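Colleague: Thanks for sitting down with me. Could you walk me through this model, one feature at a time?

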Amino acid sequence: MALAGALLCAPLLAQGTWTWQQQCSSNEWSAICYTYAGCGYDQNNNPVHRYFNNWGHSQCSVSPGLPGPGSIVIFPEGANARLASDVDIKSVLVSSGAVFDWYSGRLTLRDPANNNSPGTLTNQGLLRVVANSGYGRSLSGLLVNSGTLVHYNNGVWFNGATLQNTGTLELQAGALNDNSGTNLIQNTATLRKTTTNSFTISVPLQTENATMEVQAGSLSLTGAGDYRTNTTWSVASGAALYLSSSTTYTFTGTHSGAIAGTLTQTAGTVAAGSGGAVFNFTGNGFAWYAGALNGGSDGLTNQGLLQVVANGGYGRSLSGLLVNSGTLVHYNNGVWFNGATLQNTGTLELQAGALYHNSGTNLIQNTATLRKTTTNSFTISVPLQTENATMEVQAGSLSLTGAGDYRTNTTWSVASGATLLLSGSTTYTFTGTHSGAIAGTLTQTAGTVAAGSGGAVFNFTGNGFAWYAGALNGGSDGLTNQGLLQVVANSGYGRSLSGLLVNSGTLVHYNNGVWFNGATLQNTGTLELQAGALNDNSGTNLIQNTATLRKTTTNSFTISVPLQTENATMEVQAGSLSLTGAGDYRTNTTWSVASGATLLLSGSTTYTFTGTHSGAIAGTLMQTAGTVAAGSGGAVFNFTGNGFAWYAGALNGGSDGLTNQGLLRVVANSGYGRSLSGLLVNSGTLVHYNNGVWFDGATLQNTGTLELQAGALNDNSGTNRIQNTGAIRKVSPDPNNPTSFTISVPTTNSGRIEVLSGTLSITNLTQTDGETRIHRGTTLTSSNPVQLQGGKLTGAGTLNAALNNTAGTIAPGIDDPDHPDLNPLGILTIRGNLTLGADAVLEVELAGTNNSDPANPQYDQLIVGQGGYTRTLQLGGILRVKGRDGYVPNPGDAFDIILRAGSWNRSGSFARVEVDPDTLPCIVFAVQYLTDRVRLVASIPSVDTNRDGCVDDADLLAVLFAFGQTGNGLPEDVVCDGVVDDADLLAVLFAFGQGC
C-alpha cells in the first residue's frame, strides 16, 4: 500500500463511533493513504486509487470520512496515534495500553447534539503532549486522565477546558495556558514535574487527595489554585515549585510533603479556605517570597517549615489567621499585617526584616518559642501576646514596637552581644511570671511597660531588664522584680513610674531621673542608686524600703519621693544621696555612710523617725533642711563614727522623744536657723559645733555627754528647758582660741556641767545634784543667780554670776580620780553675790599655806566679787575642812579661804565648822570674819570648848549636851578620841576656872 502524495479531496467528517484501526504508515489522526489495487480502472484505463484512513475505513476514488463533530473516538489497547491537526469531537477514549500523542492542533471536545456541552477525552492509557517547534495546541471541553498524561514541551491553550487528573500527569517543559473561557485543572492523583526544564500552569488548578511532585526543573503555578485536603507536595533537591501569579491560591485541609528543593510563593495570595488549611512541609518547607497569605477565619496552620525568604523589597501581606505549630523562619524584608493574627505554638525564627502593623486589627500570639537569630536587626510592630512561651534573641537585635500582652510563664533569653528592645510608643502589658537569663540586653526604650490584672513578676538574671526610657506602670496589683532591673543611662529621656513597683531582687539606677506619678516603690531586696534622681512629680507617691537601699559610685543622687523604711538598711558607699521628700523612717533601720560619702536630709519637708535607727557613719549623715521629727512612741538615734549631723532645719522630738544614743552633731553653718521642739534625749554624745539652736517648746534631757564648742541654745518660744543628768562639757576646738557658748534655755543640772575652755553662759541655771566644774582660765556666766540646791560647784575658774547656794557644796579645785592631771586644789572666783543658806556647804582642802601661785595653790580659796563693784556675801551653813597629801597645819597657821574682789557687804557666819578627822586629826579651826576676807586659823583642841578664854559652866554644859556623840572634829571631844564621853568631862572639870 502506497501513501498518497497529497490528498485529492478533503475527507468527509462524520459522526458516529470511531475506533482506531491504523491502516496507514503514518499514525496521524487525519492521515490518508492509498493503493492501486482493488478499485479497477477508470474510463481512461487509469487505475483507480483505494483510499484508507486509520479508522478502518477505505474508499475508491475519494478519501473516506474522519471523525467529526458529535463523533465518539476510541483508541483501543495497542493503539498508537498522533494528533497534529484540529479536531472537533464529542468524546475520545484512550484505552489502557493505548498511546495518544498530541503534537499540534486544536482539540475541541463538544456535544453538538446537547447544545454544544463539553465533550470528554478520557485517557486510560498514555497521552503525550509531544514536542513541537512552537505549534499551538488548544483544548476545550473535558480531559479526564486516569492513565498517564505526559507533557513534553511547548504549550496547551485552555479555551473553556477542564483537565481532570485521576492518574499521572507528568510535566516536562512548556505550559498549560489559561486562554479563554472557564478553565480548570482538577488533580486527585499525581501531578509530576520531571526534567530540568521549566513548566508553567496558568490554568486554575484544583487538587484533592492528590500529589503535587516536582522531580526536576521548575513548575510555576500562575493560575488560581484550589488545593484541598490531603494533597501531598514533593519537590526534589534542585527543583522548584512556584506560586507566582497575581491570583489567589486557596488551600483547604492538610498539605504535606518533603521539600528538598524549593516550594515558593512569589506573588498572589495564598488563602485558607473554609475549615482552614494545614501546611506540613518538611525539608526546605514552604517559602514565602512575595505576595499575600490570608488564613481567613479558620486559619492557615503550619506544622512543618514555613520560610519567609529574602527578596529585593517585595511586599508581603498577611491577613486572617496564621497558626504556626511547626517552624516559621523569617529571613529578610517585611510582612505587612492587614487584619491578621499569627498564632505561634511552635518555633518562630526571625533573622532580618520586620513584621509590620499595617491596617485592621492585628496580633501575634506566641505560646511556644519566638527566636531571633543572625546578627541582623528585626522589628515587630504588630501587637504581640505571649503565654507559657519563650522569647529568645540569640544574635542581633529584636525591636518590639507594637503593643504587647505578655502573660504568665514567659521565658525571655538574650544572648551575649544581642539585644531585645521594647521601643514603641505603646503599652506593653505583663501578667504573671517572666524570667530568663539576659546575657545581652533586654531594654525598654519607649512606651509603657504595665502590669496587668493580678500583677506581674520579672525574674531576669544576668544583665536583667534595662529601663532606658518610657514608663513603668505597676497598676494596683504590682510589677515585682525578683531578678535584676536596671534603670540605665540615657541622654535626658524621661522615665515615668506609676502604680506599684515591688523590688525583691536587685534594682540598679545608673543615671538620669525617674518621675513618680501616683507610684509606690516597695523595696524588699536591694535598691542600688548610682546617679540621677527619683522625682516626686504628680499624685501620691511613696518609696517603701524594708531591705537595702544602697548608694554607690562617686556621683550624686536625689530622692524627692516620700520615703518610708522599716527593718531596713540605708547605705551610702560613695558619692552623695539627698533625701528631699518627706520621710517615714520606722523601727530598726540601719544607716551606713562610708568615708567620703554623704547622705543628706535636704528637703523642706518632715522626716519622721520611729523606733531605733543605728549605724556606722564614717562619712556624713546630715540634715540640711526640713524637720526631723520623732513619731508616736518616740525614736532612737544610735549613730557611731561621725554620727548624725544637724546642719539646718528643725528637730521635733514630740511628746515621746527623740533619743540620741550615739553621736549627734550640731555642725557649723553660715547662719542657717535650727529649731528644736518636743523632747530631745541625749544618752550618747551630742556635740554643738557652731551657730545656734532655737528652742520652741523643747526639752533637752541630757543623760550622756553634751559637748558645746561655739554658738548658742536659745530660749525662743513656748516652754523650754534643759535637764542634765549626764555631762555638759564646754570646749574649744582650738584651746589657744577659746570660744563662747550661750544657753538662754532654763537649765537644771543633776549631772555634771564642765567648762573646759572658753566661756559658757547659762541664763538660768539650777543645780539639784551632781557637779558644775569651772576649769582654770574658763568662765561660767549667768545673768540670773545660779541656784545651787544640791551637788557641787568645783573648779578654779570664774563664775560670772550670783550664786545662791541653798543646799549644795562649793568645793574649789577639781578632785577627779579619773583625771589625776587636774589640780584638786583651786582658786574659784565668784564675781556676783554669794549667798550660803543654812544647808549650804563650803568645802576647802588644805595642803599648805602658800597660795601665791594661782596655778598651783596650796589650799582652796574663793574670791568673791569684782573690781569696781560691790557684792553681797551672806554666810551660813557648814564650813567643811579637809587635809590633802598628809598635810597637818600647825597651830596658828592661817588660810584666807574667802577673799574679796572689789567691795562687799558681808553678813552672817558659818553655822558650824566640820573638820575631817581622817586627814586633820585633833585639829580645830577658828573662823575669822575680817573686813576683806574670811580666814581659818588652825589650833589644837581645848577644854575651852567655846573659845571664850574661860573654862567655866558653859564649857561643862557643852560637853554634857554633846555627851555620847561620836565623830571627828567635835569641839566637845577635847581629848580627841572621836567620842564625847567621861574623859572629856573629867578634862573640863580638872581645868575648871582656868582663865576666868
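Modeller: Happily, and one definition helps at the start: two strands pair if DSSP finds at least two bridges between them, where strands (E, at least two residues) and helices (H or I, at least four) are DSSP runs numbered from the N terminus. This is a predicted model, where local features need pLDDT of at least 70, side-chain atom pairs count only at pLDDT 80 or more, and totals for chains, interfaces and linings use all residues. Residues are numbered from 1 along each chain as its sequence is written, and side-chain values use heavy atoms, with hydrogens and water left out.

Colleague: In which sense do strands S91 and S94 pair?

Modeller: S91 covers residues 771-774 and S94 covers residues 792-795. Arginine 773 stands opposite threonine 794 in S94. Four bridges link the two strands, and their sense is parallel.

Colleague: Which residue in S97 stands opposite lysine 792?

Modeller: S94 is also joined to S97 (residues 809-812), with three bridges and a parallel run. Opposite lysine 792 in S97 is threonine 809.

Colleague: Are helices H1 and H2 roughly parallel or roughly antiparallel?

Modeller: Axes are lines fitted to C-alpha atoms, for helices over the stretch in contact, and angles run from 0 to 180 degrees between N-to-C directions. Angles under 35 degrees count as roughly parallel, over 145 as roughly antiparallel, 65 to 115 as roughly perpendicular and the rest as oblique. The axes of H1 (residues 953-961) and H2 (residues 982-990) come within 10 Å and cross at roughly 175°. The pair is therefore roughly antiparallel.

Colleague: Which residues of H2 make the contact with H1?

Modeller: Contact means heavy atoms within 4.5 Å. H1 brings Asp955, Leu956, Val959 and Leu960, and from H2 come Asp984, Leu985, Val988 and Leu989.

Colleague: How many residues line the largest cavity?

Modeller: On a 1 Å grid over the protein atoms alone, a cavity is a set of points where a 1.4 Å probe fits but cannot get out, and lining residues have an atom within 4 Å of a point. Val308, Leu322, Leu328, Leu342 and Leu355 lie nearest the centre of the largest cavity. Its lining residues number 13.

Colleague: Which strand gives the largest share of that lining?

Modeller: Strands S36 (305-308), S37 (316-324), S38 (327-330), S39 (334-344) and S40 (347-350) each give two or more residues to the lining of the largest cavity. The largest share is three residues, and it comes from S39.

Technical notes: 1 Å grid on protein atoms, 1.4 Å probe; cavity = no way out; pocket = protein on both sides within 12 Å on 5 of 7 lines; lining within 4 Å.
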